[in-house]
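Reader: I have a protein chain to look over at the bench, and I would like to go through it with you in questions and answers. Could you show me the structure before we begin?

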Amino acid sequence: MSSSSSSSSSITTTLHGSDGEKQVEQDAVVRLADGGGTIVNQIVYPRLHLIKMTNHLKSIMTMLRNRETPRDRFIFYADRLIRLLIEEALSYLPFEEKNVTTPTNSEYAGLKLLSKICGVSVVRSGESMEAGLRQVCQKVRIGKILITRDEKNNPQARYAKLPPDISGRRVLLLDPMLATGGSVSEAIRVLLEYGVHEENIFFLNLIAAPEGIETLTKKYSRVTIITTEIDRTISEAGVSLPGVGDFGDRYFGTE
């Protein structure tokens with residue numbers, strides 16, 4: 001089992017696989033090969049998929065995290081990363097064989113998506129990902145779920161507008177940040193109430209904190225998570241660190 005890792009620590013552990021033993025940091029993020037999931041702080045999450053980090057992606061993430069990045073550049077780089085994330089997420093959906101004839105009258109053995117999909121954005125930040133989804137999947141149906149906090153800071157669904165046939169679709173749930181996991185857990189609860197099968201939910205986010213990953217997977221172990229980078233931790237206030245600040249405020253200009 002080949003893997004790639006990021007972050008650093010003086011404590012190491014050993015992974016055994018087909019390519020021999022590999023020493024990795026005990027608290028590292030380890031991306032397992034062939035869609036095998038991700039290890040975060042020694043916990044294996046088989047349904048957590050991390051985009052392979054490249055220098056190019058790291059430079060985009062650096063622009064997003066930089067507090068000095070102006071709003072127009074933030075939007076530009078966020079949109080680029082969102083589209084890359086959506087393209088990655090689609091690779092985890094089921095496909096079936098489809099043969100076509102090319103303009104040269106040759107047969108081509110290809111693939112097509114097996115089932116219908118739809119997007120559901122968690123208002124407001126998740127709406128920043130809708131345009132990217134439409135660019136990749138033309139005429140895709142997109143629903144919305146509004147989550148607010150009550151007087152005890154517990155997330156509560158206040159509004160949901162979803163496709164009437166959503167129970168028969170695979171759902172791409174959109175929210176750029178996963179910090180505590182409370183809001184997205186509430187959104188998933190709503191989707192389940194509408195008849196969506198848990199294993200048909202694919203949660204797309206740009207940055208995920210370990211605490212949010214643990215909370216979400218303990219509650220909904222069959223949901224697939226696709227992310228671009230995993231943060232170090234969350235603050236006492238539940239903010240992802242090092243984070244990007246308030247993604248929605250920076251994207252929509254309401255800081």
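Reader: Is Glu198 buried or exposed, and what is its relative accessible area?

Author: This is a predicted model, and each value that follows is computed from it. A residue counts as buried when its relative accessible area is under 20%. Glu198 falls under that cut-off, so it is buried, with a relative accessible area of 10%.

Reader: With which residue does Glu198 form a salt bridge, and how far apart are the closest N and O atoms?

Author: Glu198 lies in the loop between α4 and β15 (201-208), while its partner lies in the loop between α5 (210-219) and β16 (224-230), so the pair ties together parts that are 24 residues apart in sequence. The partner is partly exposed, with a relative accessible area of 43%. The salt bridge of Glu198 is formed with Arg222, the closest N and O atoms being 3.7 Å apart.

Reader: Which residue meets Arg222 in a salt bridge of 3.4 Å, N to O?

Author: The residue in question sits in the loop between α4 and β15, with Arg222 in the loop between α5 and β16, and the two are 23 residues apart. At 32% relative accessibility, this partner of Arg222 counts as partly exposed. The side chain that meets Arg222 at 3.4 Å belongs to Glu199.

Reader: Which residue forms a salt bridge with Lys144, and how far apart are the closest N and O atoms?

Author: Lys144 is partly exposed, with a relative accessible area of 26%, whereas its partner is buried, with a relative accessible area of 9%. The salt bridge joins Lys144 to Glu130, and the closest N and O atoms are 2.6 Å apart. Because Lys144 lies in strand β11 (residues 141-149) and Glu130 in helix α3, the pair ties together parts of the chain whose separation in sequence is 14 residues.

Reader: How many salt bridges does the structure hold?

Author: Beyond the pairs already discussed, a network of salt bridges links Lys58, Arg65, Glu229 and Asp231. For the structure, the number of salt bridges comes to 15.

Reader: How many disulfides are counted?

Author: A disulfide is a covalent bond between the sulfur atoms of two cysteines. Cys118 is buried, with a relative accessible area of 0%, and Cys137 also counts as buried, at 13% relative accessibility. For a disulfide to be counted, the cysteine sulfur atoms must be within 2.5 Å, and by this rule the number of disulfides is zero.

Reader: Which residues make the nonpolar surface patch of about 280 Å²?

Author: One member of the patch lies in strand β8 (residues 95-101), namely Phe95. At 39% relative accessibility, Phe95 counts as partly exposed. The patch of about 280 Å² is made by Phe95, Leu111 and Leu113.

Reader: Where is the cis peptide bond with omega about 5°?

Author: Another cis peptide bond, from Val123 to Arg124, has omega near 10°, and Arg124 is found in the loop between β10 (117-123) and α3 (130-136). For the bond you ask about, the proline is Pro242, placed in the loop between β18 (240-241) and α6 (247-252). The cis bond with omega about 5° joins Leu241 and Pro242.

Reader: What is the phi of Asp34?

Author: Asp34 has its place in the loop between β4 (29-32) and β5 (38-40), where it is exposed, with a relative accessible area of 84%. Asn105, in the loop between β8 and β9 (107-113), has a positive phi of about 60° although it is not a glycine. For Asp34, likewise a residue other than glycine, phi is positive and near 60°.

Key
Residues numbered from 1 in each chain as written. Predicted model: local features only at pLDDT ≥ 70, side-chain atom pairs only at ≥ 80, totals over all residues. Heavy atoms only, no water. Patch = residues over 30% accessible without salt bridge, like charges linked within 9 Å, V, L, I, M, F, W, Y side chains within 5 Å. Areas by Shrake-Rupley, 256 points an atom, 1.4 Å probe, with all protein chains shown as cover. Salt bridge = Lys/Arg side-chain N within 4 Å of Asp/Glu carboxyl O. Helix = DSSP H or I, 4+ residues; strand = E, 2+ residues; numbered from the N terminus. Buried < 20%, exposed > 50% of the residue type's maximum accessible area, 1.4 Å probe, protein only.
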